[in-house]
Amino acid sequence: MADHDEIDDYFMHFKDHRLKTFKNWPFEDGSCCAEKLADAGFYHIATDQSPDATRCFACYKELDGWEPNDDPWHEHKKHSPSCAFLKMGMAVEEMTVQELMKLEIKRQACKMTKAVDAKIKEFELQCEEVRKEMKALL
């Protein structure tokens, strides 16, 4: 199981780097192959619980439960319609420096939001544990 925090996510801007993450991807052909997932902005973040988990490099949306006939672009739009990469409508390699900087600003905002949401969830779980311990003392 990989530690996904160690992935240098800046390099995930580039399709060839995203494509390299798809080791042991279950669907080699068809709509849901690694090539099409990488085109749609996803890279592979497999875990023991979710061997087909993927994440968008721009919006950080994580998806798993892929089926062989799933269309990665359609699923990305369905689950993250405000993704800046989708809205740009082009590969990073085709973007101007200005377009890339706009994408990077939005990407960093998504990254920070995900980190803050994770800390909030962690705090809420700790609060619940403390509440249980306090009730046990009564």
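This report walks through a predicted model of a single protein, from its overall layout down to a few individual residues.

## Overall layout and confidence

The protein has 5 helices and 3 strands. Going along the sequence, they come in the order α-α-β-β-β-α-α-α. If you box up the C-alpha atoms along the principal axes, you get roughly 65 × 35 × 25 Å. Of the 138 residues, 35% are buried. Take the contacts between residues at least 6 apart in sequence, and 46% of them join residues at least 24 apart.

On confidence, the average pLDDT is 91, and 95% of the residues score at least 70. Helix α3 (residues 72–79) has the highest confidence, at 97, while helix α1 (residues 15–20) has the lowest, at a mean of 94. Then there are residues 1–6, where pLDDT stays under 50. For that stretch the model has 8 contacts beyond four places in sequence.

## Aromatic pairs

There are 5 aromatic pairs in the structure. In one of them, the ring centres of Trp-25 and Phe-27 sit 6.0 Å apart with the planes at 85 degrees, so this one is edge-to-face. Both partners are tucked away: Trp-25 is buried at 7% relative accessibility, and Phe-27 is buried at 17%. Add Phe-22 to Trp-25 and Phe-27 and you have one aromatic cluster.

Phe-57 and Phe-85 make another edge-to-face pair, with ring centres 5.0 Å apart and planes at 70 degrees. This pair ties together distant parts of the chain, as its members are 28 residues apart. Phe-57 comes from the loop between β2 (54–56) and β3 (62–63), and Phe-85 from helix α4 (residues 84–88). Both Phe-57 and Phe-85 are buried. Phe-85 has a charged companion as well: Arg-18 lies over the face of its ring, 5.7 Å from the ring centre.

## Cysteines without disulfides

The disulfide count is 0. Start with Cys-32: the closest cysteine sulfur is in Cys-33, and at 7.8 Å that is too far for a bond. Cys-32 is buried, with a relative accessible area of 0%.

Cys-83 is in no disulfide either, and its nearest cysteine sulfur belongs to Cys-59, 3.7 Å away. A disulfide here would need the sulfur atoms within 2.5 Å. Cys-83 is also buried, at a relative accessible area of 1%.

## Helix α3 and its neighbours

Which residues of α3 are buried? They are Pro-72, Glu-75 and His-76. Around the axis they cover an arc of only 100 degrees, so they sit on the same side of α3. The background is familiar: an α-helix has 3.6 residues a turn, so residues three or four places apart point the same way. What do the buried residues of α3 pack against? Their partners are α2 (34–39), β1 (42–44), β2, β3 and α4.

A view from α4 adds some detail. Leu-86 lies in that helix and is buried, with a relative accessible area of 13%. Beyond its neighbours within four places in sequence, Leu-86 is in contact with Trp-73, His-76, Lys-77 and Ser-80. His-76 is one of the buried α3 residues listed above. Looking further down the chain, the C-alpha atoms of Leu-86 and Arg-107 are separated by 12 Å, with their positions 21 residues apart in sequence.

## Two positive phi angles

Two loop residues are worth a look for their backbone. Asn-24 has a phi near 60 degrees, which is positive even though the residue is not glycine. Asn-24 is found in the loop between α1 and α2, and it counts as exposed at 78% relative accessibility.

The other is Tyr-60, again not a glycine, with a positive phi of about 65 degrees. Tyr-60 belongs to the loop between β2 and β3. Is Tyr-60 buried or exposed? Its relative accessible area is 7%, so Tyr-60 is buried, whereas Asn-24 is exposed.

Key
Residues numbered from 1 in each chain as written. Predicted model: local features only at pLDDT ≥ 70, side-chain atom pairs only at ≥ 80, totals over all residues. Heavy atoms only, no water. Phe/Tyr/Trp six-rings, centres within 6.5 Å; stacked < 30°, edge-to-face > 60°. Buried < 20%, exposed > 50% of the residue type's maximum accessible area, 1.4 Å probe, protein only. Helix = DSSP H or I, 4+ residues; strand = E, 2+ residues; numbered from the N terminus. Lys NZ or Arg CZ within 6 Å of the ring centre and 35° of its normal. pLDDT = per-residue confidence, 0-100. Contact = heavy atoms within 4.5 Å. Arc of directions from axis to C-beta.
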